[in-house]
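Ready for some practice at reading a protein model? Work through the exercises below, and try each task before you peek at its solution.

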Amino acid sequence: LVRMSPLPPQRFVEAIHQLAQTQTWRVLLIMQGMRFALVAVAFTVGIMVVGMVVIFTFGAGALWIVILLALMLWEPIWRLQMMTAIGVMASLRSPTGGAAWGTALGMMLGVWVVQGLVALIPIFTARMFIVGSSGFLFVVPLTIILAVMTWGIRSGQHWLRNFCLQLAADSLI
């Protein structure tokens, strides 16, 4: 059917990818709801326990907080696009169902390990800067590192998604 159609294989793979994304949309909404609740609880507890003094003391940290929140709330959408592309690629390139499951699971675990290691960068960087500095001198380097980390996660996930979809389209030829 694909070879008889005038459409290129990339269009079929994109359609399969879009269908996979719509099937996993409910899970994404649950995850986003849990993240919004976590942010709301953390903000409320932070104000009740620490008070408004921290907000005025670390006023320069507002950009850091915005970048961290954006990464926390947008990353599941990026991950949905990437993980469904991995699943489509694994299902179209693997001859059997078991091989597709194994390929997809192995790639997803690899992505999670890399994301976990990348997520540790701000923690270790913060420990380095906390020892020697405070206030603005602490926040600026950490903000730069978080911005680069956010860009790296997004572009890495985008590249992996496109790579997997191209591999899947190549398997249809």
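**Exercise 1. Find the accessible surface of the protein chain and the share that belongs to carbon and sulfur atoms.**

Keep in mind that this is a predicted model. Step one: the accessible surface of the chain comes to about 11,000 Å². Step two: carbon and sulfur atoms own 78% of that surface. Step three: turn to the inside, where 30% of the 173 residues count as buried.

**Exercise 2. Work out which secondary structure the protein chain has.**

Start by counting: there are 6 helices and 0 strands. Then read along the sequence, and you get the pattern α-α-α-α-α-α. Finally, check how far apart in sequence the contacting residues sit. Among contacts with a separation of 6 or more, 83% join residues 24 or more positions apart. For a long-range example, take phenylalanine 12, which is in helix H1. Its C-alpha atom is 7.8 Å from that of alanine 169, although the two are 157 residues apart along the chain.

**Exercise 3. Decide which residues touch the most other members of the largest nonpolar core.**

This core has 15 residues, and the ones you're after are Val13, Met82, Ile86, Val111, Leu160 and Cys164. Next, ask where the core comes from: helix H1 (9–23), helix H4 (62–93) and helix H6 (136–172) each give two or more residues to it. Now zoom in on cysteine 164. Skip its neighbours within four places in sequence, and its contacts are Ala85, Ile86, Met89 and Met107. Don't miss the second, separate core of 5 residues, which includes Leu71, Trp78, Leu146 and Ile153.

**Exercise 4. Is tryptophan 112 exposed, partly exposed or buried?**

First, locate tryptophan 112: you'll find it in helix H5 (residues 97–132). Its relative accessible area is 42%. Buried means under 20% and exposed means over 50%, with partly exposed in between. So tryptophan 112 is partly exposed. Last step: look for its partners on the surface. Together with Leu105 and Leu109, Trp112 forms a nonpolar patch with about 310 Å² of accessible area.

**Exercise 5. Explain why the rings of tryptophan 159 and phenylalanine 163 count as a stacked pair.**

The structure holds 1 aromatic pair. The ring centres of tryptophan 159 and phenylalanine 163 are 5.1 Å apart and the planes are at 10°, so the pair is stacked. The cut-off for stacked is planes under 30 degrees apart. Now place the pair: the two residues are 4 residues apart in helix H6, so about one helical turn separates them. As for cover, tryptophan 159 is exposed at 54% relative accessible area, while phenylalanine 163 is partly exposed at 37%.

Technical notes
Residues numbered from 1 in each chain as written. Predicted model: local features only at pLDDT ≥ 70, side-chain atom pairs only at ≥ 80, totals over all residues. Heavy atoms only, no water. Patch = residues over 30% accessible without salt bridge, like charges linked within 9 Å, V, L, I, M, F, W, Y side chains within 5 Å. Areas by Shrake-Rupley, 256 points an atom, 1.4 Å probe, with all protein chains shown as cover. Salt bridge = Lys/Arg side-chain N within 4 Å of Asp/Glu carboxyl O. Buried < 20%, exposed > 50% of the residue type's maximum accessible area, 1.4 Å probe, protein only. Core = buried A, V, L, I, M, F, W, Y, C linked by side-chain atoms within 4.5 Å. Contact = heavy atoms within 4.5 Å. Phe/Tyr/Trp six-rings, centres within 6.5 Å; stacked < 30°, edge-to-face > 60°.
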